[in-house]
Amino acid sequence: MKIPDFMMIVSSSQGLSVVLWIVIIMMLLYMARKPAHEAITSASKVLFHAFHLIAASILLAEKKLKERNKEVLLAAGKEATERIIEREFERIDDYVKKDLAQFPTLQRDIRDNVVKIDEDYQQSTEIPPAPPGWTKAIEPIAAIPASEDSMVVEILKSIRDTLEKGQQKALDAYRESSKMRHAHLSKMIPSLRQINKSIGVLDKNVQVLLDRSATVDRHMDEYYEINKKSDKAAQMLSSSSLTQFFISGFVLAIAIGGAFINFNLIARPMQEMVGGSVYMMGFRVADIAALVIILVEISMGLFLMESLRITRLFPIIGALEDKVRIRMIIVSFVFLFLLASVEAGLAYMRELLSADDAALVAGLLGGTAAAQEGVEQSGRWITTAAQMGMGFILPFALAFIAIPLESFIHSSRTVLGVLMAGFLRLLAVLSRFLGNLSRYIGKSLVNIYDLLIFFPLWIENIVTKLEAKHGSEEEKKEPQKKPAAKRTRKTAASQESKEETKDAL
Amino acid sequence: MKKIFLALLLLLGLSSCSSDGANKHNRGVYMLVDTSGTYTQELQKAQQIINYILSQLESGDSFVVASIDTGSFSEKDIIAKVTFDDRPSKANQQKRAFVQIVDNYVKHVKSSPYTDITGGILQATEFLNEKDTASKTILIFSDLKEELKKGYVRDIPLQLQGYKVIALNVTKLRSDNVDPRKYMTRLKEWKEKVEKGGGEWEVINDLERLDKLLKE
C-alpha cells in the first residue's frame, strides 16, 4: 500500500512518514481530548434524554389509549348487559303474564279438589248401622246346648237360624257400608292426582322464575362490576371481546365463502344481460353487476335485521316508530324476496347456458354424437333444481351476515385498541433501548478515543505520578492543606457518581 | 361542490365503461390455411384447430380463417370471419354457423398451384389492425414453403409489433427428408422475418399442445 505524495513528510521513507503522521494525529487528538470527550458525552446524553423523552411520551399515549379502551369496553359491556337484563325482564314479564296468569284458576282447582276430598272423607268415615239390639238378648239362649227334647231343639234351632240371619244381615249391611266408603275413598284418588299435578305445574313455574331470577342476578352482578369500572370487569369484557372477534371473524369467513358461491351462480348469466365484453376499470361489467346484486342483498339483510331490532348497527332504524319499522321490515323483506327470485331465475339461466356451452364444446371437439350425448343427459334437472334452490336460499342466508358483522365491528374496536396499545408499548421499549444504547455507545467512544491516544496518556500518567510524588513531599511540609484538597476531590467524585445515577434512571 | 365531485366520479365511471374499454380486452385471431399442392390433405387437422380455437374464444373476440393460395393479399381469400356478440348465447350460435362455413369450404376446396404466405400475413395484419384488438395472433397452418407466381412482389418488410405469429403443423417435405437443413433454414428464415418485423414467433407441430395457442 502506498500513501499519496502530499502525505509524504519524509520523501525518502514511507514508513517514517506514516509514523510521523500517527504521532501528529495522536498529538492532535490528545490536545483535543477534553472537548472531544465532552462532545461525545453530551451527544450521547442528548440522544439518551431524547429517546427517554420519546419513550415517556409513548407510554403516556399508551396509558391514555388503555384508559380510552377501557372506557369504550365498559360502555359497550354496559350496553350489552343492559340489553341482556332488559331482555330477561321482558321474558319474566311474558312468563308471568302467560303462565302465572293461570295461577287463580289453579288455586281454585286445588280448593275445589280439597273440598271434594273433604266431602269424600266425611262420607267415608260414616259409622255403619249397628246390628239389631235383640240379637244380644237371644245370644245366651242360642248358646244353650241342645237337649233331647225335640221341641226345644226345634225352638233353639229356630232361634239360632234367626240369630244367624240377623248376623248375616248385619254383616251384609257392614259390607255394603264398607263398599260405599271404599267407593268414596276411590273417588278421592283423581282429586289427589289433580292436586298433585297442579302443585307440580306450580312448582315448575316457580322453578323457572327462580332460574330466571338467578340469571338476572348474575347479569346484575356483572352490571354492578361494570358500573364500578373495576379492572376485573374490564378484563372479563376484553377476553369476551377477543372471543367474539375470532368467532365472528370465522362466521364472516364462511359468509364470504357463501357470497363467492352466490357470485359464481349469477356472474355467467349476467353476461347475457349486460354483455360479456364490456369492461369497467379493468373488471367485466357483468361481474360488477353480479357483485352489486349480492351487496344489495346483504344491505337488505342488514336493514331487515336492524328493523327487527336483532342488530343495532344503525341506531336511527332502531329508534323509529313501530309502525314505520314494521313497514321497513316488510319492504326490506319484499326486496330480499324479489332479489332471491331473480337469483333463482339467473341460476336457471346459468344452467341453460352451461348446457349450451357444453353441447357446443362437445360438438366442436368431440363431434355431433358427443354433442347429442351432452344435451340429452338425463338427471340434469337435479343440478338445475339445486342451483335454483341455492340461488333462492343464499340471499336469505346472507341476510344473517348482519349478526356476525355487528359482533365483528364492535369487537374489532377492542382488538385494535389492544393491538395499538401493545404496539405503543413496543415502541416505548425500543425507544428506551435506543436511549440506553446511545449512552453506552458514548461511553465506549470515549474509551476508544483514549485507546487511540494511549501513548500521550501513558506519558501524562508518568508525569502526573512524578508531580504527585513531588506534591506529597510538599504536603509533608504543609500538612494542613491536605484535607481540604481531599474533600474537594471527594465532593467532585460523589457529584459525578450522582450524575451517573441520575442518567441511568 | 359535493355534487360536482359526484358527477365527475360518475363521468369517470361511464367513460371507463365505454366501448373503447371493451376493445382493450378482446382477442383477434387470424388463421391462414395453406391450400396449395398436397397440403389440402392436412385440412382435417386445420378443422380440428379451428374448432379448438372456437371453443376458447369469448364474446367480443374476433376470428378469421383465410386460405393461402396464389395471391393471398386479398379479402376474397377470407373463408369465414366473425366478431362474437356480447351475449354468450348469441356467440355460441355464431360459432355453430362458423363451423358450418368451414365444413363447406373443406368439402369443396381446390388446391392452388402457388403459396403466397407473405401476402396472407399482410392481409392478416391489415384486418387485425383495423379491428384494433387487445391481442393479435396470426396462425399459419402451412409447411412454410413459399412459392410465388412470377411477377408477385413480396419482399416487403412486415410490421408485426404486438403480434404473435404461430406456425402450425409445419410438415416436412420430401426434400427436407433428404436434407434436413432445408427445413431448419426455412423455419429460421421465417423466424427472422417475423422477429425483424417486431413480432413474436412460435412453432407448434404437436397438436396435443394446442392449449398454448391463445395463452397470453
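This passage walks through the helices of chain A, the place where chains A and B meet, and the sheet of chain B. The structure is a predicted model.

Chain A is a good place to start. Its secondary structure consists of 13 helices and two strands. Of its 505 residues, 18% are buried. When contacts between residues at least 6 apart in sequence are considered, 78% of those in chain A join residues at least 24 apart.

Helix H2 of chain A, which covers residues 33–98, takes part in two of the packings described here. One partner is helix H11 of chain A (residues 402–452): the axes of H2(A) and H11(A) lie 8 Å apart, and the angle between the helices is about 170°. Because angles over 145 degrees count as roughly antiparallel, H2(A) is roughly antiparallel to H11(A). The residues that make this contact comprise 26 nonpolar, 12 polar and six charged ones.

The other partner is H6(A), whose axis is 9 Å from that of H2(A), at an angle of about 80°. These two helices are therefore roughly perpendicular to each other. On the side of H2(A), the contact is made by Lys70(A), Leu73(A), Leu74(A) and Gly77(A), and these meet Ala233(A), Ala234(A), Leu237(A), Ser238(A) and Ser241(A) of H6(A). By class, five residues of the contact between H2(A) and H6(A) are nonpolar, three are polar and one is charged.

Two further helices of chain A offer details to look for. Met180(A) sits in helix H5 of chain A, which runs over residues 150–227. This methionine counts as partly exposed, because 14 C-beta neighbours lie inside 10 Å. The C-alpha atoms of Met180(A) and Gln123(A) are 8.6 Å apart in space, although the two residues are 57 apart in sequence. Helix H7 of chain A, at residues 285–307, contains 23 residues and should span 33 Å at 1.5 Å a residue; its end C-alpha atoms are 32 Å apart, which agrees. Just after H7(A) comes Arg309(A), with a positive phi of about 60°.

Where the two chains meet, chain A contributes 17 residues and chain B contributes 23 residues. On the chain A side, helix H6 (231–274), strand E1 (279–280) and helix H9 (322–375) each provide at least two residues. The largest share belongs to H9(A), with seven residues. The chain A side of this contact is made up of 10 nonpolar, four polar and three charged residues.

Chain B contains an open sheet of six strands with mixed pairing, in the order E3-E2-E1-E4-E5-E6. Strands E3 (78–83) and E6 (200–204) of chain B stand at the edges; each has a single partner strand, so one side of each is left without a neighbour in the sheet. On average, and ignoring direction, neighbouring strands are turned by 15° against each other. Within this sheet, strand E1 (residues 27–34) and strand E2 (residues 62–68) of chain B run parallel and are joined by seven bridges. Tyr30(B) has Val64(B) as its bridge partner in E2(B).

Helices of chain B also pack on the sheet. Helix H4 (residues 88–108) of chain B touches E2 and E3 of chain B, and its direction makes about 175° with that of E3(B). Helix H5 (residues 117–131) of chain B touches E1, E2, strand E4 (135–141) and strand E5 (163–168) of chain B, with a direction at about 160° to that of E1(B).

Note on methods:
Residues numbered from 1 in each chain as written. Chains lettered and ligands numbered in written order. Predicted model: local features only at pLDDT ≥ 70, side-chain atom pairs only at ≥ 80, totals over all residues. Helix = DSSP H or I, 4+ residues; strand = E, 2+ residues; numbered from the N terminus. Buried ≥ 20, exposed ≤ 12 C-beta atoms within 10 Å, placed from the backbone. Contact = placed C-beta atoms within 7 Å. Axes fitted to C-alpha atoms, helices over the stretch in contact; angles between N-to-C directions. Parallel < 35°, antiparallel > 145°, perpendicular 65-115°, else oblique. Nonpolar A, V, L, I, M, F, W, Y, C, P; charged D, E, K, R; others polar. Expected span 1.5 Å × (residues − 1). Pairing = 2+ DSSP bridges.
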